[in-house]
Amino acid sequence: MRRDNDDLIERVAAELRRPAALSFGFEARVMAEVRSARQPSAWARAWEWVREPRMVALSPLGGLAMAAAIAGVVTLGALAWPTPVATPGASTAPAESAQAVQFVLHAPQARAVFLAGDFNGWDARQSPLARAPSGLWFVEVLLPPGRYTYAFVVDGSRFVPDPAAPRAFGDDFGAPSSVVIVGRGGNQAGGRSL
Amino acid sequence: MPGSESLSGVTPAPDDAAIVRRVLGGDVDAYAGLVARYRDRFARFAVHMLGDREDAEEALQDAFVRAYRSLAACRDPSRFGSWLFRILVNRCRTREALRRRRTRTFVRDELALERAGATPVDEGGAWREEIERALARLDPLYREAFLLKHVEELEYEEMARLTGARVSALKMRVKRACDRLRDLLQEVESAAR
């Protein structure tokens, strides 16, 4: 049986050893391209070398060792990289994706108005509103796309929802609050887009 | 490789180094001597490896041109053939990887078909077609190892130098290629009886 099998492989190999004919003019085509070819620069050779696809022969053990080495490098990199500290009011989104949102409250009797929300850690002293002669208070805040709840803090202690915006369901911190949604395309609900 | 220069370098062709020196000295036309010397031998490998004559010619042409452009990097010009073959093996691998995204084709020897004209395909032609069909169904790495070992008749050490694979891996590939070819072709032979 094995003898027959070996005979079969030998017959296959013998058939495949027959010369393969190339099309007419092959040599001329090669030489035409050779004559027009330029010797590449060192940089071009280096670039060609790095982008040349290669097949890498790797044993399972070698593959495991390489995977372990990569995992080790990633772990060390993660440990060495400083962990960002969450700062109230600080946005982790890229600055270019943030949008300016104007918050306005009509409170002619108020002495001071601040804006507090989950974008500034509900800090009642971080975002003061400016007062216009008409009694309008306003502030502009850069907000990345997202949904935020907020309220105005009037005279240091009174939380007032934005009358021009939807109310937040459940009202954080037990105080009435409003909702602003900042979209990626500049669309938003609540607050006022600039 | 009977009747031709060994790729292992045991009997290096004496003229290769001289031709390479002439080419590097500015005699570009001398390169035609190397093209004529190796084109038929390497065309056979490329045709069987890629299973398509047009792809094979492009791979071979690409290998010749790349070899010319990098001729100064050929460390041992007396073994130009071995160096060129390594380039061709890599070009075939690259083309094979690209071709796998397209529909797999079988070898169609257009010249042979033209010669055959309107005569019916004889038994020899049918047998060859079955071989080519079976070859095309092999994993490319197995096909490559089988061709290098049984068709080009290289030693495993030379195959290892050409492919970058270990001898043990190459032996395994050759064995699996043979097993697969036996399975595929014995079915054909049994059906023909």
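**Figure 1. E153(B) in the loop between α7 and α8 of chain B.** In this predicted model, E153(B) sits in the stretch that links α7 to α8 (156–163) in chain B. What makes the backbone here worth a look is phi: for E153(B) the angle is near 55°, a positive value in a residue other than glycine. As a rule, most residues other than glycine have a negative phi. Is E153(B) buried or partly exposed? With a relative accessibility of 30%, E153(B) counts as partly exposed.

**Figure 2. D155(A), a positive phi in chain A.** Over in chain A, D155(A) belongs to the loop between β6 (146–154) and β7 (158–160). Phi of D155(A) is near 55°, again positive, and again the residue is not glycine. D155(A) has 30% relative accessibility, so it counts as partly exposed.

**Figure 3. Helices α2 and α7 of chain B.** Zoom in on helix α2 (residues 31–50) and helix α7 (residues 140–151), both in chain B: their axes are 10 Å apart and the packing angle is about 150°. Because of that angle, α2(B) is roughly antiparallel to α7(B). Which hand does the crossing of α2(B) and α7(B) have? The crossing of α2(B) and α7(B) is right-handed. On the α2(B) side, the residues in the contact are R44(B), F45(B), H48(B) and M49(B); α7(B) brings P140(B), R143(B), E144(B), L147(B), L148(B) and V151(B). Sorted by class, the residues in this contact of α2(B) with α7(B) come out as six nonpolar, one polar and three charged.

**Figure 4. Helices α2 and α4 of chain B.** Stay with α2(B), but switch partner to helix α4 (residues 80–99) of chain B: the two axes come within 10 Å and cross at roughly 40°. That crossing angle is why α2(B) is oblique to α4(B). The crossing of α2(B) and α4(B) is right-handed. From α2(B), the contact takes in Y31(B), L34(B), Y38(B), F42(B), F45(B), A46(B), M49(B) and L50(B). From α4(B), the contact takes in F80(B), G81(B), L84(B), F85(B), L88(B), V89(B), C92(B), R95(B), E96(B) and R99(B). By class, the contact of α2(B) with α4(B) has 14 nonpolar residues, one polar and three charged. F45(B) and M49(B) are worth picking out: they are listed in this contact with α4(B), and they are listed in the contact of α2(B) with α7(B) too.

**Figure 5. Helices α3 and α4 of chain B.** Here α4(B) packs against helix α3 (residues 53–69) of chain B, at an angle of about 135° and with the axes 9 Å apart. The angle means that α3(B) is oblique to α4(B). α3(B) goes past α4(B) in a right-handed crossing. Which residues of α3(B) meet α4(B)? They are D55(B), E58(B), A59(B), L60(B), D62(B), A63(B), F64(B), R66(B) and A67(B), and they meet F80(B), W83(B), L84(B), I87(B), L88(B), R91(B), C92(B), R95(B) and R99(B) of α4(B). The class count for the contact of α3(B) with α4(B) is eleven nonpolar, no polar and seven charged.

**Figure 6. Cysteines C92 and C178 of chain B.** C92(B) is listed in the contact of α3(B) with α4(B) and also in that of α2(B) with α4(B). C92(B) has a relative accessible area of 0%, so it is buried. C178(B) comes in at 7% relative accessibility, so C178(B) counts as buried too. How many disulfides does the structure hold over all chains? The number of disulfides is zero over all chains.

**Figure 7. A130(A) in strand β4 of chain A.** A130(A) is placed in strand β4 (residues 130–131) of chain A. Set aside the neighbours within four places in sequence, and A130(A) is in contact with L136(A), W137(A) and F138(A). A130(A) counts as partly exposed, at 35% relative accessibility. From A130(A) to E140(A), the C-alpha to C-alpha distance is 9.7 Å, with the two ten residues apart in sequence.

**Figure 8. Each chain as a backdrop.** Chain A has four helices and ten strands, and 32% of its 194 residues are buried. Chain B has nine helices and zero strands, and buried residues are 49% of its 193.

Note on methods
Residues are numbered from 1 along each chain as its sequence is written. Chains are lettered from A and ligands numbered from 1 in the order in which they are written. This is a predicted model: local features need pLDDT of at least 70, side-chain atom pairs count only at pLDDT 80 or more; totals for chains, interfaces and linings use all residues. Side-chain values use heavy atoms; hydrogens and water are left out. Axes are lines fitted to C-alpha atoms, for helices over the stretch in contact, and angles run from 0 to 180 degrees between N-to-C directions. Helices (H or I, at least four residues) and strands (E, at least two) are DSSP runs, numbered from the N terminus. Angles under 35 degrees count as roughly parallel, over 145 as roughly antiparallel, 65 to 115 as roughly perpendicular and the rest as oblique. A crossing is left-handed if the near helix is turned anticlockwise from the far one by less than a right angle, and right-handed if clockwise. Contact means heavy atoms within 4.5 Å. Ala, Val, Leu, Ile, Met, Phe, Trp, Tyr, Cys and Pro count as nonpolar, Asp, Glu, Lys and Arg as charged, and the others, Gly among them, as polar. A disulfide is a pair of cysteine sulfur atoms within 2.5 Å. Buried means under 20% relative accessible area, exposed over 50%, partly exposed in between (1.4 Å probe, protein chains only).
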